[in-house]
Amino acid sequence: MSPILSVRGLTVRYPGTARPAVEGVGFDLEPGATVAVVGESGSGKSTVALAVSRLLGPAVAVRAETMTFEGRDLLGLGREELRRLRAGRIAMVFQSPSGSWNPTRTIGAQLVDGLRAAGRWPERRDALVALLSRVGIHDPESRLNDYPHRFSGGMLQRAMIAGALVTEPSLLIADEPTSALDTTVQAEILEILDELRAERDLAMILISHDLGVVARLARHTLVLYGGRTVERGPTAEIYRHRGHPYTQGLLAAVPRLDGPRKTPLPAMAQGPVAHSGCVFAPRCPRAEDRCRTSEPALRPVGGIEVACHLAGEPGREPAWRM
Amino acid sequence: MADVTPLLELRNLRKTFIAGARTVQAVRDVSFTVGPGEIVGLVGESGSGKSTVADLVLGLERPDSGEIFYGGRPLPELLAGSGRGYRAAVQAVFQDSVQAMDGRKTVGWSIAEPLVIHKVARGAALRARVAELLRAVHLDPALAGRYPHQISGGQAQRAGIARALALKPALLVCDEAVSALDVSVQAQIVNLFLEIQERYGTAMLFIGHSLPVVRHLADRMVVMYAGAVAEQGPAEQVCSAPRHPYTRLLIDSAPSFEPGPSPAGPRRTRGEGLPAAGCRFAPRCPLVTDTCRTADPAPREVGAGHSSACLRAGELTVAETRPSRFSTEKRRPG
Ligand SMILES: Nc1ncnc2c1ncn2[C@@H]1O[C@H](COP(=O)(O)OP(=O)(O)O)[C@@H](O)[C@H]1O
Ligand SMILES: Nc1ncnc2c1ncn2[C@@H]1O[C@H](COP(=O)(O)OP(=O)(O)O)[C@@H](O)[C@H]1O
Ligand SMILES: [Mg+2]
Ligand SMILES: [Mg+2]
């Protein structure tokens with residue numbers, strides 16, 4: 001199958017900053033597939049999302065060897081083509097439920113705006129109501145007249161998902177869609193998203209700071225640190241191998257319900273992103289001289305790709321294995 | 001902790017807020033204890049009343065009815081006059097320590113403030129104590145001269161803990177103290193709380209919405225739903241053999257690496273409001289019966305120090321509570 005989205009060597013630099021926020025990131029996404037982008041705050045996840053959806057302003061330098069969506073070069077699109085694309089084929093859901101809604105207008109009015117912009121109003125009216133009910137909003141016809149403050153955070157996210165999917169996009173970019181929500185609501189919303197993906201052959205970029213949250217849904221995962229891809233591959237393989245010390249650290253730091261209690265958690269040290277050599281070296285418990293001088297390239301190691309000089313060398317146990 | 005006088009005892013606490021035309025029963029008949037040096041975890045979804053319980057314990061809100069005892073003495077008595085003894089012994093750590101500190105004052109000033117107010121130290125002794133507190137939370141004493149916006153989120157959280165420790169409290173009330181942090185920083189702060197418990201014997205009421213994090217720290221756990229205690233008991237028992245369907249839902253919703261759909265499954269049975277009568281969890285409960293919709297279940301003993309407010313708690317055996325994660329039909333991840 002040919003990918004719906006193909007990204008190679010994506011590099012983004014914000015104005016007035018010394019270094020790119022994202023450098024050399026690449027991945028392919030097939031129709032109906034999900035890729036997870038994970039990493040701590042500041043690792044560049046949102047920047048990747050905004051670059052792919054072309055939501056970064058003209059002052060931001062976005063470069064890529066390849067960035068094609070449905071066969072078209074995303075970086076070469078004109079303003080009108082871009083507008084149509086964003087109103088229809090590519091949809092986004094952001095983290096902040098309240099920040100994404102205008103408090104002075106009803107939920108319904110804002111959803112209708114979205115459809116109008118996509119040129120799909122009133123054609124998709126019934127589909128909108130059906131979707132709202134599908135994502136878990138009871139009695140949607142009457143809830144459409146409510147203002148955002150009458151909705152809980154979870155309800156706002158559900159409405160946002162319905163609004164994003166009603167134009168029948170082929171790609172959904174969800175940037176921490178459930179990070180601000182309770183775990184029970186988070187589990188439910190992710191499950192609904194995954195059902196809709198499977199039914200509609202929707203491709204999804206699912207962003208999260210917690211690998212455990214997205215592991216269920218994404219067959220492939222990209223781990224970012226300091227704007228670089230440090231590990232990439234099938235999610236199950238990444239979980240099994242934990243090729244990069246950063247991934248090992250991320251996974252080991254989170255307590256598990258079936259893990260030990262009341263023992264110190266293996267917590268990664270904090271530290272700056274390195275400007276030369278490996279970005280992670282200042283925080284890495286295994287860093288050697290070569291890690292501080294030469295930057296490791298992403299290379300295949302046992303079913304995944306890892307950007308670490310030490311990955312795959314015999315006799316080296318992951319530093320943080322619990 | 002049965003034969004020791006509890007450090008803190010909450011007895012049948014109730015608190016109702018009136019917001020416009022609505023009344024919210026934020027806390028309904030909440031009872032539990034915290035023993036000396038014990039960490040009690042308080043979990044539940046947002047709006048379940050956790051912060052209101054914290055505010056009641058800190059004396060920031062007064063209960064409509066019910067009582068709080070600290071060291072066997074009722075709270076109104078302890079807060080009479082200046083209330084300084086109690087306010088020194090019970091300290092708070094919040095989610096956002098940057099916001100909790102005065103932005104125009106240095107970090108050192110914020111940590112020193114309680115020592116100055118309570119006239120514990122001044123001059124060189126004060127500076128030495130601030131440095132000692134910073135070291136206790138593994139911060140460089142040089143950070144005392146910085147301003148809150150000049151330090152990282154993790155450093156701010158440590159500074160907030162240093163301030164809370166300044167008066168050598170017997171109880172820390174931690175409201176979502178690790179919830180907003182990156183996982184590696186969260187792990188460091190969790191470790192710091194464990195170290196504080198071990199080193200100083202400080203008891204904690206630790207509020208969080210992540211069940212795995214709270215389980216890791218807590219000796220005992222209290223699960224709240226819609227203002228009431230759904231279940232409480234030893235932390236390990238509550239998580240491995242839950243006796244309330246809401247606790248089971250929390251467990252099934254926790255992030256996991258099992259491929260395929262979440263065992264929690266999509267639950268769209270939830271109506272918007274809470275029922276006015278009967279068990280508040282009934283509309284979401286997979287085990288609901290007709291009785292559940294009329295009778296408000298009171299907590300019942302289901303094991304040693306373990307209670308559940310579910311009419312069907314007796315039927316929730318270990319075998320029945322943990323199979324879902326392993327038996328759901330699996331859809332391949334996309
Ligand atoms: N508008 C901006 N101007 C300058 N720097 C920015 C801007 N947005 C993000 N950054 C920087 O880019 C890096 C990546 O940020 P972001 O993509 O938001 O990370 P994440 O979503 O993983 O938290 C960070 O160092 C951040 O400070
Ligand atoms: N000062 C207040 N005025 C009105 N309602 C309040 C107030 N404080 C809390 N509530 C309400 O009480 C309920 C419990 O809130 P809270 O204790 O903050 O829950 P949690 O900390 O578990 O999220 C919520 O419905 C909330 O809206
Ligand atoms: Mg982000
Ligand atoms: Mg709260």
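The paragraphs below lead through two ligand sites, a pocket and some paired strands. The structure is a predicted model, and every value given here was computed from it.

A good place to begin is ligand 1, which is surrounded by residues of chain A, namely A:Tyr14, A:Thr17, A:Ala21, A:Glu40, A:Ser41, A:Gly42, A:Ser43, A:Gly44, A:Lys45, A:Ser46 and A:Thr47. When this shell is sorted by residue type, two of its residues are nonpolar, seven are polar and two are charged. Several polar atoms of the protein can then be picked out beside the ligand: a polar backbone atom of A:Gly42 is 2.7 Å from an oxygen atom of ligand 1, while an N or O atom in the side chain of A:Lys45 is 2.8 Å from an oxygen atom of the ligand. From A:Ser46 it is a polar side-chain atom that lies 2.8 Å from an oxygen atom of ligand 1. On its own, ligand 1 has 560 Å² of accessible area, and the protein covers 57% of it.

Turning to chain B, the reader can find ligand 2, whose surrounding residues are B:Phe17, B:Val24, B:Ala26, B:Glu45, B:Ser46, B:Gly47, B:Ser48, B:Gly49, B:Lys50, B:Ser51 and B:Thr52. Three residues of this shell are nonpolar, six are polar and two are charged. Strand E2 (22–34) and helix H1 (50–57) of chain B each supply at least two residues of the shell, and H1(B) gives the most, with three residues. Within the shell, a backbone N or O atom of B:Gly49 lies 3.0 Å from an oxygen atom of ligand 2, whereas B:Ser51 places a polar side-chain atom 2.8 Å from an oxygen atom of the ligand. For B:Thr52, the distance from a polar side-chain atom to an oxygen atom of ligand 2 is 2.5 Å. Ligand 2, taken alone, exposes 560 Å², of which the protein buries 63%.

Strand E2 of chain B, which helps to form the shell around ligand 2, also belongs to an open sheet of four strands with antiparallel pairing, in the order E2-E1-E4-E5. Because E2 and strand E5 (73–74) stand at the edges of this sheet and each have a single partner strand, one side of each is left without a neighbour in the sheet. Further in, strand E1 (residues 8–19) and strand E4 (residues 65–70) of chain B pair in the antiparallel sense over five bridges, and one bridge can be followed from B:Leu10 to its partner in E4(B), B:Ile68. In general, the strands of a sheet pair through backbone hydrogen bonds, either parallel or antiparallel.

Elsewhere in chain B, strand E11 (residues 300–303) and strand E12 (residues 306–308) are paired in the antiparallel sense over three bridges. B:Gly303 stands opposite B:His306 of E12(B), and in this hairpin, which has two residues between the strands, B:Gly305 takes a positive phi near 65 degrees.

The last stop is the second largest pocket, which has a volume of about 650 Å³. It is lined by 23 residues, of which A:Arg86, A:Met92, A:Gly114, A:Gly163 and A:Ala164 are the closest to its centre. Helix H2 (79–88), strand E7 (90–93), helix H3 (107–117) and helix H6 (153–165) of chain A each supply at least two residues of the lining, and H3(A) gives the most, with five residues. By type, the lining divides into 15 nonpolar, six polar and two charged residues.

How values were computed:
Residues numbered from 1 in each chain as written. Chains lettered and ligands numbered in written order. Predicted model: local features only at pLDDT ≥ 70, side-chain atom pairs only at ≥ 80, totals over all residues. Heavy atoms only, no water. Near = heavy atom within 4 Å. Polar contact = N/O pair within 3.5 Å; in protein donor to acceptor, adjacent residues only side chain to side chain. Areas by Shrake-Rupley, 256 points an atom, 1.4 Å probe, with all protein chains shown as cover. Nonpolar A, V, L, I, M, F, W, Y, C, P; charged D, E, K, R; others polar. 1 Å grid on protein atoms, 1.4 Å probe; cavity = no way out; pocket = protein on both sides within 12 Å on 5 of 7 lines; lining within 4 Å. Points joined across faces, edges and corners; volume = space filled by probe spheres on them. Pairing = 2+ DSSP bridges.
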